[in-house]
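Welcome to this guided tour. Open your viewer, get your selection tool ready, and we will go from stop to stop together.

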Amino acid sequence: MVSWRRRPGPSLARLWGLCCLVLGCWPGALGCPASCGCSSWRIWCTGSSPGIASFPVPQKSAESDNVTEIYIANQPNLESINDNEVGFYVGLKNLTVVDSGLRFVSRHAFVKNVNLQYINLSRNKLSSLSKKPFRHLGLSDLILVDNPFKCSCEIMWIKKFQETKFYTETQDLYCIDDNNKRTALLDMKVPNCDLPSANLSNYNITVVEGKSITLYCDTTGGPPPNVSWVVTNLVSNHESDTNKNPASLTIKNVSSMDSGLEISCVAENIVGEDQASAELTVFFAPNITFIESPTPDHHWCIPFTVKGNPKPTLQWFYEGAVLNESEYICTKIHVINQSEYHGCLQLDNPTHLNNGAYTLLAKNDYGEDEKRVDAHFMSVPGDGSGPILDPDVYEYETTPNDLGDATNNSNQITSTDVSNKENEDSITVYVVVGIAALVCTGLVITLIILKFGRHSKFGMKVHGEVKGVGLVDQIWLSLQDCDNEEQVMVAVNSDVHNNSTASDNNRLGFVLFHKIPLDG
């Protein structure tokens with residue numbers, strides 16, 4: 001009997017080989033460091049053979065941005081974390097290096113890792129550790145248990161850090177003194193080892209533009225701290241002296257561009273650091289840095305930018321006369337950036353009466369500045385110089401306050417000057433309306449006379465009724481008897497009117513006056 005055994009087909013073998021190849025190359029595809037395992041968010045190095053002798057650096061930096069956790073353990077040959085090694089992992093949040101040979105952490109090791117929240121360096125060979133690698137980090141946990149720290153001023157900051165942080169379990173931190181005695185870190189006492197302090201001579205620095213000022217910083221601490229001034233973005237010329245206590249900073253020919261800038265004095269020693277800051281206030285005359293012709297928006301706007309400290313008062317002039325602002329014309333400030341004010345003169349439905357030169361005057365206790373701009377909102381109606389931009393502008397009436405009253409009588413703007421032409425047009429309209437009213441009244445009276453009058457005002461009678469002849473035809477026969485060319489008015493006898501038809505009345509309504517020629 002022959003036994004048959006199923007062999008895997010070539011397609012299944014190829015698929016299995018492909019899977020093995022992909023799985024074997026997966027760490028390399030991600031640029032994973034040698035002797036470590038990797039996922040899209042995590043790197044772990046736990047094998048002691050062959051192990052790693054330096055902090056793992058990615059082979060491909062593109063994948064390192066997504067790494068949030070690095071776990072390293074059982075690496076006796078890993079003795080240091082140097083500059084620019086951890087910096088490849090900018091998204092790193094959790095770092096663990098435990099049970100290894102770590103002895104040194106560079107002062108700039110975590111400069112680029114601003115997202116770090118958790119660091120565990122337990123059970124290593126650390127005998128000292130500077131605060132500088134950690135001072136810019138907002139750490140929630142820094143675990144340093146079972147490290148052979150030497151009792152010195154350099155690790156005093158760890159004691160301070162432990163005192164200010166809340167832990168569910170107290171860390172078993174200790175140090176070894178000069179007599180090789182193990183002492184709890186919380187009980188460590190080192191002479192001449194104190195946190196530094198910094199105090200400024202003035203915390204509200206005020207100076208007029210163009211003047212000079214000197215600021216002093218008094219420091220204490222043990223060992224004596226190093227002092228530095230932080231004057232980032234300071235435009236004005238300055239010089240400092242940090243070799244003396246108090247240290248000094250002199251700012252010469254102060255620029256208005258430095259108003260609102262913060263100046264800091266930093267005192268630092270191996271225990272820690274302290275910082276004192278003050279704001280620089282520069283007083284300067286107003287400067288109108290920008291003004292432009294009006295632009296149409298929801299309202300018309302003449303935009304401007306004014307700098308000045310203290311805040312300048314703003315006054316507008318129209319054709320040399322003071323512009324009294326109202327609900328139709330007013331100044332609006334939209335953005336305030338320290339000593340810089342961005343706004344506009346807002347005009348609601350201006351007409352050709354508002355065309356002209358506008359001048360902005362900015363003034364404070366240290367000086368003034370003015371700028372002029374020409375504004376053209378619309379053409380004068382009927383002058384043929386151009387189209388009216390907005391056909392609805394005539395709904396707006398300009399009052400004397402809109403344009404302003406001049407303090408000089410020769411330049412004073414009155415309501416009569418503004419609306420003289422409008423008054424003449426109004427009188428013409430009233431005359432036409434009055435004449436039309438009189439004509440209408442006369443027509444009404446004439447119709448009443450025609451309807452209710454029994455005798456002709458000109459002695460004309462209708463010569464009886466003509467059978468089968470309409471009312472208007474009978475009146476026409478009567479008119480044939482007139483012997484002159486005078487203008488006559490037809491009056492209808494009530495008895496004739498009573499016998500008239502509806503069509504006759506309609507025809508008669510259109511005939512009021514008629515001139516009969518002599519020849520008929």
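A residue counts as buried under 20% relative accessible area, as exposed over 50%, and as partly exposed in between. Keep those cut-offs in mind for several of the stops below. Remember too that this is a predicted model.

**Stop 1: colour by confidence**

Colour the chain by pLDDT. The average for the protein is 77, and 70% of the residues score at least 70. Now select residues 1-30, where the pLDDT is below 50 and the model has eight contacts beyond near neighbours in sequence. Next, select residues 386-422: the pLDDT is below 50 here too, and this stretch has 64 contacts beyond near neighbours in sequence.

**Stop 2: a helix with a nonpolar patch**

Select residues 415-452, which make up helix 5, and find Val439 in it. Is Val439 buried, partly exposed or exposed? Its relative accessible area is 48%, so Val439 is partly exposed. Now add Val431, Ile435 and Leu443 to your selection: together with Val439 they make a nonpolar surface patch of about 350 Å². To see how such a pattern can come about, recall that an α-helix has 3.6 residues a turn, so residues three or four places apart point the same way.

**Stop 3: a loop serine**

Go to Ser106, in the loop between strand 6 (104-105) and strand 7 (118-120). Ser106 counts as buried because its relative accessibility is 7%. Which residues does Ser106 touch, not counting those up to four places away in sequence? Show Ile81, Asn82, Asp83 and Pro133 to see them.

**Stop 4: a three-stranded sheet**

Now look for an open sheet of three strands, in the order 9-10-11 and with mixed pairing. Strand 9 (149-150) and strand 11 (182-184) are its edge strands, each pairing on one side only. Select residues 174-176 for strand 10, which runs antiparallel to strand 11 and is joined to it by three bridges. Across this pair, Tyr174 stands opposite Ala184.

Stay in this area and select helix 3, residues 156-164. Its buried residues are Met156, Trp157, Ile158, Lys159, Phe161 and Gln162. Show their side chains along with strand 8 (141-143) and strand 9, against which these buried residues pack.

**Stop 5: an enclosed strand and its partners**

Select strand 26, residues 356-364. How many of its nine residues are buried? Eight are, so strand 26 is largely enclosed by the rest of the structure.

Strand 26 has partners to explore. Add strand 22 (residues 313-318), which runs antiparallel to strand 26 and is joined to it by six bridges. Look for Trp316 opposite Leu360. Then add strand 27 (residues 367-375), which is antiparallel to strand 26 and connected by nine bridges. In this pair, Leu361 stands opposite Glu370. Trace the backbone from strand 26 to strand 27 and you will follow a hairpin with two residues between the strands. If your viewer can draw hydrogen bonds, turn them on: strands of a sheet pair through backbone hydrogen bonds, either parallel or antiparallel.

**Stop 6: a second loop serine**

Finish at Ser326, in the loop between strand 23 (321-322) and strand 24 (329-337). Ser326 counts as partly exposed because its relative accessibility is 21%. For a last exercise, draw a distance line from the C-alpha of Ser326 to that of Leu347: they are 9.6 Å apart in space and 21 residues apart in sequence.

How values were computed
Residues are numbered from 1 along each chain as its sequence is written. This is a predicted model: local features need pLDDT of at least 70, side-chain atom pairs count only at pLDDT 80 or more; totals for chains, interfaces and linings use all residues. Side-chain values use heavy atoms; hydrogens and water are left out. pLDDT is the predictor's confidence in each residue, from 0 to 100. Contact means heavy atoms within 4.5 Å. Helices (H or I, at least four residues) and strands (E, at least two) are DSSP runs, numbered from the N terminus. Buried means under 20% relative accessible area, exposed over 50%, partly exposed in between (1.4 Å probe, protein chains only). Patches are made of residues with over 30% relative accessible area and no salt bridge: like charges are joined within 9 Å, nonpolar side chains (Val, Leu, Ile, Met, Phe, Trp, Tyr) within 5 Å. Accessible areas come from the Shrake-Rupley method with a 1.4 Å probe; for residues, only the protein chains shown count as cover. A salt bridge is a side-chain nitrogen of Lys or Arg within 4 Å of a carboxyl oxygen of Asp or Glu. Two strands pair if DSSP finds at least two bridges between them.
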